[in-house]
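This report covers strand pairing, helix placement and cysteine geometry in one protein chain. The sequence and model are shown first.

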Amino acid sequence: MRVNEGYIFRKIGAQPVLVPADTEQALSAVVYLNETAEEIYHLLTEQKTPEQIVSILSEEYDAPENRIREDLNETLECFRSCKVIMED
């Protein structure tokens, strides 16, 4: 899986967002990120695997690893549906 380079990471005030580089779609396809989704996005840009991401997040958050994995999978599915990430 890889990050779609057609999105640009920005912060609007304190709100992290992914904005399509294609200006025709920019307003209709902005992806708003919460703190965890922002971190997952940045880890994906560093080409971390899902297992590496689970390991990193497990060290940061006081939650069971299976819960972190479920949340990661939900975030990845959202990223896929928005075309933020693509399968290799």
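In which sense do strand S2 and strand S3 pair, and over how many bridges? Strand S2 (residues 7-12) and strand S3 (residues 15-20) pair in the antiparallel sense, and six bridges connect them.

## Basis of the values

The model is predicted: local features need pLDDT of at least 70, side-chain atom pairs count only at pLDDT 80 or more, and totals for chains, interfaces and linings use all residues. Residues are numbered from 1 along each chain as its sequence is written, and side-chain values use heavy atoms, with hydrogens and water left out.

Helices (H or I, at least four residues) and strands (E, at least two) are DSSP runs, numbered from the N terminus. Two strands pair if DSSP finds at least two bridges between them.

## The sheet

Within the pairing of S2 and S3, Lys11 has Pro16 of S3 as its bridge partner. The hairpin formed by S2 and S3 has two residues between the strands, and Gly13 takes a positive phi near 65° there.

S3 is also joined to strand S4 (residues 31-32) by two bridges, and these strands run antiparallel. Val17 has Tyr32 in S4 as its bridge partner. The result is an open sheet of three strands in the order S2-S3-S4, with antiparallel pairing. S2 and S4 are the edge strands, each pairing on one side only.

In a regular strand the side chains alternate between the two faces of the sheet.

## Helices

Helix H1 (residues 35-45) lies across S2 and S3 and runs at about 145° to S2. Axes are lines fitted to C-alpha atoms, for helices over the stretch in contact (heavy atoms within 4.5 Å). Angles run from 0 to 180 degrees between N-to-C directions.

Glu70 is placed in helix H3 (residues 65-81). Glu70 counts as partly exposed because its relative accessibility is 43%; buried means under 20% relative accessible area, exposed over 50%, and partly exposed in between (1.4 Å probe, protein chains only). The C-alpha atoms of Glu70 and Val54 are separated by 9.6 Å, the two residues being 16 residues apart along the chain.

## Cysteines

How many disulfides are there? With a disulfide taken as a pair of cysteine sulfur atoms within 2.5 Å, the count is zero. Cys78 is in no disulfide, and the nearest cysteine sulfur, that of Cys82, is 4.3 Å away. Cys82 is likewise in no disulfide, with the sulfur of Cys78 as its nearest cysteine sulfur.

Cys78 counts as partly exposed because its relative accessibility is 37%. Cys82, at 27% relative accessibility, also counts as partly exposed.
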